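The following exercises are to be worked through with the sequence and the structure at hand. Each task is followed by a solution in steps.

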Amino acid sequence: MKVIIVGASHGGHQSALEILDRYEGADVTIYEKGDFVSFLSCGMQLYLEDKVTQVDDVRNFKPEDIEKRGGKVKSQHEVLTFDADKKEVTIKNLATGELLVDTYDKLILASGVTPAALPVPNADLENIFFMRGRAWALQIKDKLSDDKVKNVVVIGSGYIGVEAAEVFAKAGKNVTIIDMIDNVLGNYLDQEMTDILAPVFKENGVNLELGAQIKGFVGEKQVTGVEHQNGVVDADLVIVAAGVTPNTSWLEGLVDLEERGQIKVDEYLRTSAKDVYAVGDAILPLNVASQKHAPVALATTARREARYVVRNLTKDQPTEKFQGVLGTSALAVFGYNLAMTGLNEFSASRSEVQIKGNFYKDTLRPTFVKNDGNTEVYVKLNFDEKSHKILGGQVLSTYDITAHINTLALAIKTGLTLEDLAEADFFFQPGFDRQWSLLNLAAQSALGETKF
């Protein structure tokens with residue numbers, strides 16, 4: 001079996017490993033447009049804060065990791081098109097300009113996404129950066145110690161934008177986050193959580209300009225400011241973290257695409273072209289909680305999709321559908337640790353799913369444990385009001401309670417209810433938690449029960 005994989009990031013890498021492990025004698029080639037294979041952008045903050053060994057180690061894999069298993073990795077090779085009838089792909093060697101043709105039995109598209117540029121005036125000015133990829137990481141690193149960079153504007157208050165803001169604030173820069181949404185991290189957390197975090201940003205020197213629409217960038221050759229409807233914010237450097245765009249323009253006319261450009265796949269992650277599959281950020285996977293398709297740009301999602309596709313790669317008709325994902329994720333920001341899974345108010349509204357929520361606040365350990373270390377903890381549970389089936393959850397604290405989100409993710413996937421979670425058998429030791437564990441208590445609270 002000869003398999004060509006387009007893209008060497010999370011989905012492509014996992015696909016190659018799975019094929020080489022599962023199918024003896026398989027011929028696997030990854031074609032990657034970039035010159036550096038598999039930089040891990042979600043590790044960029046750690047690199048910028050000098051918490052990694054070196055920049056070239058912040059990656060999923062090295063080409064030799066695939067090659068020693070018998071696969072091939074071709075960087076600086078851009079796949080231009082494919083012919084589903086002839087089962088051929090046309091590739092351009094970007095180093096030499098040479099055009100090549102290769103054949104396949106199975107084709108896996110893992111072309112990913114790129115940061116979305118803002119369609120506003122002067123978006124091409126110097127010192128407008130993106131927080132993605134090795135090349136940008138190196139440039140951003142240089143700016144952290146550049147005394148000429150005093151004012152930094154971050155556009156976007158999602159995970160990437162918040163990471164950028166924290167890095168530059170810690171470097172002593174004057175940082176402003178601008179976003180059109182009303183709450184920082186509002187696409188991930190419900191308002192009870194964002195209300196806790198908003199003052200934390202201000203306490204750490206990050207200004208929040210929310211509910212603001214970007215009008216354009218100001219400057220001659222180099223950016224000097226960002227204009228929105230309420231005025232201009234000074235900027236010596238701008239980090240754009242305002243979403244992503246699927247790398248699929250080259251696929252127009254080859255496979256069916258969604259309205260916003262993502263690759264359309266069926267319940268088996270097959271595209272409209274025979275023997276062509278798609279995984280990763282460029283598709284809309286099924287959300288387990290909503291049972292609808294929605295974007296989830298996470299390495300973990302891409303890897304799960306790749307594992308599923310390869311497991312069913314040789315079946316003319318798979319017998320199992322892709323079960324879907326929950327978009328489970330976590331973030332640390334200015335001493336707070338947060339995590340979320342499933343549906344929040346934003347994603348539920350976008351998917352037109354009705355949810356009811358309950359916000360629970362407590363201390364980590366029993367009240368007789370001294371305040372030093374007995375921190376406040378917060379849990380938000382979202383559920384179906386009639387069935388009480390758990391559909392989403394968020395946790396937040398200065399203590400690291402993020403592992404609780406894995407329990408909630410498993411609860412959602414297995415269809416547990418509030419009643420199930422309220423009585424789930426978790427351990428107790430007063431040096432760690434309470435007689436009823438935090439998730440027990442949060443579920444009991446959602447059921448309106450008296451706290452014990």
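**Exercise 1.** Is N122 buried, partly exposed or exposed?

*Solution.* The structure is a predicted model, and the values below are computed from it.
Step 1. Locate the residue: N122 belongs to the loop that joins β8 (113-115) to β9 (128-130).
Step 2. Take its relative accessibility, which is 35%.
Step 3. Apply the cut-offs: buried means under 20%, and exposed means over 50%. N122 therefore counts as partly exposed.
Step 4. Consider the backbone as well: N122 has a phi near 65 degrees, a positive value in a residue other than glycine.

**Exercise 2.** Determine the setting of Q76 and of A95 by the same procedure.

*Solution.*
Step 1. Q76 sits in the loop between β3 (72-74) and β4 (77-83).
Step 2. The relative accessible area of Q76 is 32%, so this residue is partly exposed.
Step 3. The phi of Q76 is near 55 degrees, which is positive although the residue is not glycine.
Step 4. A95 is part of the loop between β5 (88-93) and β6 (99-103). With a relative accessibility of 55%, A95 counts as exposed.
Step 5. Compare sequence with space: A95 and H77 are 18 residues apart along the chain, and their C-alpha atoms are separated by 8.0 Å.

**Exercise 3.** Why is helix α11 described as largely enclosed by the rest of the structure?

*Solution.*
Step 1. Count the buried residues: helix α11 spans residues 438-446, and 8 of its 9 residues are buried, so the helix is largely enclosed by the rest of the structure.
Step 2. Name them: L438, L439, N440, L441, A442, A443, Q444 and A446 are the buried residues of α11.
Step 3. Identify the cover: the elements over these buried residues include the strands β23 (356-363) and β24 (376-383), together with α9 and α10 (418-422).
Step 4. Follow the chain onward: just after α11, G448 adopts a positive phi of about 80 degrees.

**Exercise 4.** Which residues are closest to the centre of the second largest pocket, and which domains contribute at least three residues each to its lining?

*Solution.*
Step 1. Begin with the volume: the second largest pocket holds about 460 Å³ of space.
Step 2. Its lining has 20 residues, of which R304, G324, V325, L326 and K413 are the closest to the centre.
Step 3. Sort the lining of this pocket by class: 8 residues are nonpolar, 6 are polar and 6 are charged.
Step 4. Assign helices: α7 (299-311) and α9 (404-413) each supply at least two lining residues. The greatest contribution is that of α7, with 6 residues.
Step 5. Assign domains: domain 1 (2-35 + 59-113 + 245-312) and domain 3 (329-447) each provide at least three residues of the lining.

**Exercise 5.** Describe how domain 1 and domain 3 are placed, and relate the chain to its record.

*Solution.*
Step 1. The domain assignment also gives a domain 2, covering 117-240.
Step 2. Over C-alpha atoms, the centres of domain 1 and domain 3 are 36 Å apart.
Step 3. Contact between them involves 8 residues of domain 1 and 10 residues of domain 3.
Step 4. An unreviewed UniProt entry annotates residues 1-304 as "domain: FAD/NAD(P)-binding". This span is 21% helix and 29% strand, with its end C-alpha atoms 22 Å apart.
Step 5. The UniProt annotation "domain: Pyridine nucleotide-disulphide oxidoreductase dimerisation", from an unreviewed entry, covers residues 331-433. Here the chain is 20% helix and 33% strand.

Definitions and conventions:
Residues are numbered from 1 along each chain as its sequence is written. This is a predicted model: local features need pLDDT of at least 70, side-chain atom pairs count only at pLDDT 80 or more; totals for chains, interfaces and linings use all residues. Side-chain values use heavy atoms; hydrogens and water are left out. On a 1 Å grid over the protein atoms alone, a cavity is a set of points where a 1.4 Å probe fits but cannot get out, and a pocket is an open set with protein on both sides within 12 Å along at least five of seven lines; lining residues have an atom within 4 Å of a point. Grid points are joined across faces, edges and corners, and a volume is the space filled by probe spheres set on the points. Helices (H or I, at least four residues) and strands (E, at least two) are DSSP runs, numbered from the N terminus. Ala, Val, Leu, Ile, Met, Phe, Trp, Tyr, Cys and Pro count as nonpolar, Asp, Glu, Lys and Arg as charged, and the others, Gly among them, as polar. Domain bounds come from an automatic or database domain assignment. Buried means under 20% relative accessible area, exposed over 50%, partly exposed in between (1.4 Å probe, protein chains only). Contact means heavy atoms within 4.5 Å. UniProt positions are given in the numbering used here, feature names are shortened, and annotations may be inferred rather than shown by experiment.
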